[in-house]
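I sat down with this one to see what the coordinates would tell me. These are my notes, in the order I looked things up.

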Amino acid sequence: MSAAVSPEVHPPAVQSAVRKIFRRVVPLFFVMFVANYMDRVNLGFAQDELRADVGLSAAAFGLGAGIFFIAYALFEVPSNILMERFGPKVWLTRIMISWGVVATAMAFVDSVEMFYALRFLLGVAEAGFFPAVIYYFSRWLPDSHRGRATSVFLMGSGTATVIVGPVSGALLEMHGVWGHSGWQWMFFVEGVFSVVLGFVVYRFLDSGVEQATWLTDEEKTGLIAVIDAEQDERDARRGEKAAQVSRWKLLADPQMLLFLWIYFAINVALYAVTFWLPSIVDDIGGLSDFQVGLLTSVPWLCAIGALYVSGRISDRIGKRRPVLITLLVLGGCGTLLAVFVSPWAGLGALCVAAMGFKPASPVFWTIPQSYLDARAAAPGIALINSIGNLGGFVAPTAFGIIEDTTGSTKGGLVGLTVVGFLAALSVLLVRGGGRNDRVRTRPAGKPAATAPETTPGAARTTHPGPATA
C-alpha cells in the first residue's frame with residue numbers, strides 16, 4: 001500500500017512530525033475555532049434582549065444573523081488570495097484580531113442599520129479563516145491524518161457551542177452592571193477574548209513546515225517528501241491537465257457542483273439549529289438566561305463525542321461517503337422527531353440532530369481534500385466554503401420569516417429534515433472519498449516517489465502552489 005494512504009508505513013521521522021503537529025498546531029487551531037464560532041453564534045443568546053432594546057422583529061433578527069454569511073461568501077476567495085501572498089501566519093492573525101474588534105463593537109449596536117452593518121463587517125473580517133486552516137492541514141499533514149485533524153479542529157465549534165451557552169447566559173445576567181445591558185457585556189467580553197488570542201496565535205504559528213523550528217531537519221524532510229508524493233499521485237490521476245487550474249474552471253466540474261450543494265445543505269441544517277436552539281429551549285418555560293444557556297449546550301456536548309468518533313471511524317475504514325450519508329440521515333431524523341414531541345423530548349431530538357449535522361462537516365471536508373489537486377486546493381476549498389456558507393444566510397432568515405408568519409419554528413424543522421435527506425442522497429453521486437479510489441499508476445517515464453531519506457535535503461522542498469488565476 002502506498003505511503004500516501006497508510007499511516008502505518010510512514011517512516012519514524014514522519015510519524016514523529018505528525019505527533020508534534022497534533023500536539024502544537026492542531027490544538028492551537030482548535031482554540032481559535034472556539035473563539036471564532038463563539039463570536040459568530042452568540043447572537044442567538046442575545047436574541048430576546050437585543051430585539052427588545054433595538055426594536056428587531058424575528059425576520060429582521062434572522063436577516064441580521066444571516067447577512068454575516070453574504071459577506072463571508074463575497075470576501076472568502078479574495079481573503080484566500082491574500083493569504084497566499086502574506087502567508088498563513090500573518091493572515092490568520094489578521095483575521096482573528098479584526099473579527100475580535102468587530103465582535104466587540106456589537107456591544108454598541110443601537111439601531112437596526114448598525115446591527116446589519118456590524119454583522120456584515122463580521123463576515124468580512126472572518127472570511128478566509130476556515131479554508132486557510134483546511135489548506136494549512138493539506139500542506140502539513142499526510143492524507144491519512146487529515147480526517148482526524150479536521151475533526152479535532154471542528155470540535156472547536158462543538159466546544160464553543162457547549163461553552164457559549166453557560167458563559168453567555170452568565171454574562172447576560174450582568175444586566176444593569178455599570179449601566180449596560182447583559183447582551184452588551186456578552187458581546188464585549190467575548191470579542192475582547194478573540195483579540196487577545198490573536199496575538200497569542202502570532203507568537204506560536206508558523207506559515208510552513210520549513211519555518212517550524214520545533215521540527216528536526218529529518219522530520220521536515222520526511223514530511224515534505226510524503227506530502228509531495230501524495231501530490232504526485234493526484235497528478236498521475238488527472239494527467240497533465242492538473243497543471244492548468246483556474247478558479248472559474250472549478251465551477252464546470254460536476255463534482256465541484258455536488259460539493260457546493262452538499263456543503264450548502266449541511267450549513268442550512270447546522271446554522272438553523274445553532275441560531276434558533278436557544279429560542280426552542282426557551283419554549284420549555286420557566287427558565288433563567290443561565291439555565292437556557294446550560295440546556296442549549298447539551299446537544300452540542302453530544303455532538304463533540306460524535307465528532308471525534310465519526311472522524312476516527314472515517315479515517316480507519318478509509319470510506320468517507322457511507323459515514324457522511326449516515327450522519328446526514330441521523331440529523332434529518334432528529335429534526336423530524338423534534339416537530340412531534342414535547343419541548344423536553346424535543347431537546348433530546350435536537351441532540352440527535354446535532355450528533356448528525358455537526359460531524360457531517362469534517363467528514364465532508366476530507367472528500368474534496370482528496371479530490372482536489374494541490375494547485376486547486378486553496379481556491380477550491382475557498383469556493384466550496386464561501387458558496388456553501390450561504391446556507392448560513394438562508395437558514396436563520398427562513399426561520400425568522402417562518403416564525404413571524406406562523407408563530408412557530410416547526411415548519412422550519414420539517415424543512416431541515418428534507419434538506420438533510422436530499423443531501424444524503426446527493427452523496428451517493430460523489431466520486432472519491434475513499435482510499436481505494438486513489439490512482440496507483442504514474443505517467444510513463446516519471447519515477448515513483450521514494451520513501452523519504454533520513455538526511456536533510458534528500459526530498460524536494462518546493463511545493464506546487466495553489467492557482468491564483
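What follows are my entries, from the whole chain down to single residues.

**Entry 1: the whole chain**

First reminder to myself: this is a predicted model. I counted secondary structure and got 17 helices and 0 strands. Of the 469 residues, 60% count as buried. I also looked at contacts with a separation of 6 or more, and 84% of them come from residues 24 or more positions apart. The accessible surface comes to about 17,600 Å², and carbon and sulfur atoms hold 67% of that.

**Entry 2: the core**

Which residues have the most contacts inside the largest nonpolar core? I found Phe29 and Leu324, in a core of 135 residues. Helix H11, residues 254-282, gives the most to this core, with 19 residues. I then followed Phe29 outward, skipping its neighbours within four places in sequence. Phe29 is in contact with Leu92, Val133, Tyr136, Phe137, Phe153 and Leu205. Three of those names turn up again in my H6 list, where Val133, Tyr136 and Phe137 are among the buried residues.

**Entry 3: helix H6**

That sent me to H6, residues 129-140. H6 has 12 residues and reaches 17 Å from its first C-alpha to its last, close to the 16 Å expected at 1.5 Å a residue. Is H6 enclosed or open? I checked burial, and 12 of the 12 residues of H6 are buried, so the helix is largely enclosed by the rest of the structure. The buried set isn't purely nonpolar by name: Ser138 and Arg139 are in there, along with Phe129, Pro131 and Trp140, among others.

**Entry 4: salt bridges**

A buried arginine made me go through the charged pairs. The structure holds 5 salt bridges.

I began with Glu126 and Arg40, whose side chains meet at 3.0 Å, N to O. Glu126 lies in helix H5 (residues 112-126) and Arg40 in helix H1 (residues 12-41), so this pair ties together parts that are 86 residues apart in sequence. Glu126 counts as buried because its relative accessibility is 0%. Arg40 is buried too, with a relative accessible area of 4%.

Next came Arg139, the one from H6. It forms a salt bridge with Asp228, with the closest N and O atoms 3.8 Å apart. This pair links distant parts of the chain, as Arg139 is in helix H6 and Asp228 is in helix H9 (residues 217-238), 89 residues apart. Both Arg139 and Asp228 are buried.

H9 came up again with Arg146 and Glu230, whose closest N and O atoms are 3.4 Å apart. Arg146 lies in helix H7 and Glu230 in helix H9, so the pair ties together parts that are 84 residues apart in sequence. I noted 2% relative accessibility for Arg146, which counts as buried, and 0% for Glu230, also buried. Salt bridges that share partners join Asp143, Arg146 and Glu230 into one network.

**Entry 5: out to the surface**

Where do nonpolar side chains show on the outside? I found a nonpolar surface patch made of Phe108, Phe188, Val189, Val192, Val196, Val200 and Phe204, with about 570 Å² of accessible area together. Val196 sits in helix H8, residues 182-204.

Just before that helix I stopped at Trp178, found in the loop between helix H7 (143-172) and H8. Its phi is near 55°, a positive value in a residue other than glycine. Most residues other than glycine have a negative phi. Is Trp178 buried or exposed? At 73% relative accessibility, Trp178 counts as exposed, the cut-off being over 50%.

**Entry 6: towards the C-terminal helices**

Helix H16, residues 391-406, has 16 residues and reaches 22 Å from its first C-alpha to its last, close to the 22 Å expected. Its buried residues include Gly391, Ala395, Phe399 and Glu403. Gly407 follows H16, and its phi is positive, near 75°.

Last stop was Thr417 in helix H17, residues 410-427. Thr417 counts as buried, at 5% relative accessibility. Which residues is Thr417 in contact with, leaving aside its neighbours within four places in sequence? I got Gly332, Thr335 and Leu336.

Note on methods
Residues are numbered from 1 along each chain as its sequence is written. This is a predicted model: local features need pLDDT of at least 70, side-chain atom pairs count only at pLDDT 80 or more; totals for chains, interfaces and linings use all residues. Side-chain values use heavy atoms; hydrogens and water are left out. A nonpolar core is a set of buried Ala, Val, Leu, Ile, Met, Phe, Trp, Tyr and Cys residues joined through side-chain atoms within 4.5 Å. Buried means under 20% relative accessible area, exposed over 50%, partly exposed in between (1.4 Å probe, protein chains only). Helices (H or I, at least four residues) and strands (E, at least two) are DSSP runs, numbered from the N terminus. Contact means heavy atoms within 4.5 Å. Patches are made of residues with over 30% relative accessible area and no salt bridge: like charges are joined within 9 Å, nonpolar side chains (Val, Leu, Ile, Met, Phe, Trp, Tyr) within 5 Å. Accessible areas come from the Shrake-Rupley method with a 1.4 Å probe; for residues, only the protein chains shown count as cover. A salt bridge is a side-chain nitrogen of Lys or Arg within 4 Å of a carboxyl oxygen of Asp or Glu. The expected span of a helix is 1.5 Å times one less than its number of residues.
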